[in-house]
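I opened this notebook to record, entry by entry, what I looked up in the structure. I write for a reader who is meeting such terms as strand, sheet and contact early on.

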Amino acid sequence: MNLFDVYPVNDIIIVKAKGSYVWDDKGEQYLDLYGGHAVISIGHTHPHWVKRIEEQLHQIAFYSNSVRIPLQQQLAEKLGKISGKTDYQLFLCNSGAEANENALKLASFHNGRKKVIAFSKSFHGRTSLAVAATDNRNYAAPVNETDHVIFLPFNDENALTECFRQHGQEISSVIIEGIQGVGGINVADETFLRLIRSLCDEHGSVYIADSIQCGYGRSGKFFSHDFAGVNADIYTMAKGMGNGFPVAGIIIAPQIKPKHFQLGTTFGGNHLACAAALAVLEIIEEEKLMGNAVMMGKYLKDELENIPGIKNIRGRGLMIGFDVPAEMKDLKKNLLLNQKVFTGEAKPNVIRLLPSLALKKRDAEQFIDSIKEEIQNIVTPVS
Ligand SMILES: Cc1ncc(COP(=O)(O)O)c(C=O)c1O
C-alpha cells in the first residue's frame, strides 16, 4: 500500500528531537524555528512531558467518556488558572478542525441560528463547517459548499457593522483568529475584536476566538485575543496544547449551558492526552514561557528590522512573519538546505517563525546569523 500523497514533503527523515533542535537519520542537526507548524510549545521531548506521559502510560492510557476522568478536571482547573478564564467550561477533543467544528455547532445550538461570519485569509481547518469558514476554495469540496458562511474583509470595521445591521438577527457566530497563521501572520486589530464583542452582545451572536495557532502563550499572552481586553464566548485550542501529543479543546463561557449528548467524541480527553496537556501547562508556568515568548519575540523582530531586504515584520511574541522580495524567493529553502534551519511559510512570499516558546537566546542569535548569511549569499552569490 502507498501513502495517499497529499503532502509535498521535504526529503528529510527526522529521527530525534530535543528543545529547539531536531536531527535527521544521517545525524545532521537542524534548528527548528517552525515548531512542526506551531505545535512545539515547551520544546521537543521536554523531560517533564516525557515522564508524565510515560508514567500515565503505565497506569492507563484510555478509557471512554462514559466514566469520570479526574485528569480532565485537573486540566480544566489548571487551564482556567493560567488563562484567567476560571469560570469557563472545558470540552476536550482531538484536533483544531474538530475544535472549531464543535465551537460553530455549539454556537448554533445556543442561539438557534445558522449564519457564520468569517474573514478574508482565514484558516479554520479541513472538516465540513470549519473548511466552509476557511477563505480558500481549494480546500473545500462541493459537499462543503454552504450559504451559511458570510466572508468579510479582515479588520474592516465598517463592513462588519454593516453586515450586523443587515443580518444581525441571523448571525449565530463570528469566528476569527487573533493572529492569522496560514493567511500570513496578520494581527487582528484590538478595536476590531472589541467591535466583534459589542456587536455580538447587541445581537445575541457568539464570538469564537480561534486560538489554535495563536493561542497557548505563543503571542506572549495566553490567548492573543486577550490583547483586546475583552472575552470571547468560546476559545478553540489545539496545536501547542499537547506539544505534539494530539489533544484539542474548546473553553466555553458560563452563559452557554451544556446539554447531554450535544457534543461528543470517543478519544477526546483520554488519560494520556490529559497527562500531556497538563505537563505542557506545568512547564509553561514553571519556566515562565509566556515571558520568554515576549522577550525572544522582541529580540527576533528587532534584529530582523535591521536586515536589509526583508519587509513588513509583524506578529506578536513567537508568532512572527515577514515578507520576502521576489529576488529572495528561495530564502526559506536555502535556510533549510544550507543553514539547516526549519522555518514556516505562507503563500506567496511570507516566512513564518513559530518556534518553541522555550527558544533560547543563543538559538535566536544563531537564526539571525543564518538568515543574514543566506541573504548575503543571495545578494552576492558565492562562486
Ligand atoms: C488557526 C487554525 N485553525 C484551525 C486549524 C486546524 O487545525 P488541525 O490541523 O489540527 O485540524 C489550524 C491548523 O493549521 C489553524 O492554524
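**Entry: a sheet and its edges**

I began with a pair of residues, and I found that Gln89 stands opposite Ile252 in β12. Before going on I noted that this is a predicted model, in which local features need pLDDT of at least 70, side-chain atom pairs count only at pLDDT 80 or more, and totals for chains, interfaces and linings use all residues. Residues are numbered from 1 along each chain as its sequence is written.

I also wrote down that helices (H or I, at least four residues) and strands (E, at least two) are DSSP runs, numbered from the N terminus, and that two strands pair if DSSP finds at least two bridges between them. By that rule I could place my pair of residues, for β4 and strand β12 (residues 248-252) run antiparallel and are joined by five bridges.

In what order do the seven strands of the open sheet stand? I read the order as β4-β12-β11-β10-β7-β5-β6, with mixed pairing. At the edges stand β4 (89-93) and β6 (149-152), and because each has a single partner strand, one side of each is left without a neighbour in the sheet. Neighbouring strands of this sheet are turned by 20° against each other on average, direction ignored; such axes are lines fitted to C-alpha atoms, for helices over the stretch in contact, and the angles run from 0 to 180 degrees between N-to-C directions.

**Entry: helices across this sheet**

Here I needed the term contact, which holds for two residues if their C-beta atoms, placed from the backbone, lie within 7 Å. Helix α4 lies across β4, β5, β7 (171-177), β10, β11 and β12, and runs at about 25° to β12. Helix α6 (residues 157-167), in turn, lies across β5, β6 and β7, with an angle of about 150° to β6.

**Entry: around the ligand**

I then looked at the 14 residues around the ligand, of which Gly96, Ala97, Gly125, Ile212 and Gln213 come nearest; a residue is near a molecule or strand if its C-beta atom, placed from the backbone, lies within 6 Å of it. Which helix gives the largest share of the shell? It is α4 (residues 96-111), with three residues.

I sorted the shell by class and obtained five nonpolar, seven polar and two charged residues, where Ala, Val, Leu, Ile, Met, Phe, Trp, Tyr, Cys and Pro count as nonpolar, Asp, Glu, Lys and Arg as charged, and the others, Gly among them, as polar.

**Entry: the second sheet**

I found another open sheet, in which four strands follow the order β13-β14-β17-β16 with antiparallel pairing. Its edge strands are β13 (311-316) and β16 (344-346), each of which pairs on one side only.

Between β13 and strand β14 (residues 319-323) I counted four bridges in the antiparallel sense, and the bridge partner of Lys311 in β14 is Asp323. The hairpin of these two strands has two residues between them, and in it Gly317 takes a positive phi near 55°.

At the other edge, β16 and strand β17 (residues 350-353) pair over three antiparallel bridges, and Ala346 has Val350 in β17 as its bridge partner. Pro348 is found in the loop between β16 and β17, and the peptide bond that leads to Pro348 from Lys347 is cis, with omega near 0°.

**Entry: backbone angles and burial**

I reminded myself that most residues other than glycine have a negative phi, and most peptide bonds are trans. Lys121, in the loop between β5 (115-119) and α5 (128-132), has a positive phi near 70°. Tyr216, in the loop between β10 (206-210) and β11 (234-237), has a positive phi of about 60°.

Are these two buried or partly exposed? A residue is buried if 20 or more other C-beta atoms, placed from the backbone, lie within 10 Å of its own, exposed if 12 or fewer, and partly exposed in between. Lys121 is partly exposed because it has 18 other C-beta atoms within 10 Å, whereas Tyr216 counts as buried because it has 32 C-beta neighbours inside 10 Å.

Last, I looked up Ala293 in helix α9 (residues 289-305), which counts as buried because it has 26 C-beta neighbours inside 10 Å. Leaving aside its neighbours within four places in sequence, Ala293 is in contact with Gly217, Arg218, Gly220, Gly317, Leu318 and Leu357.
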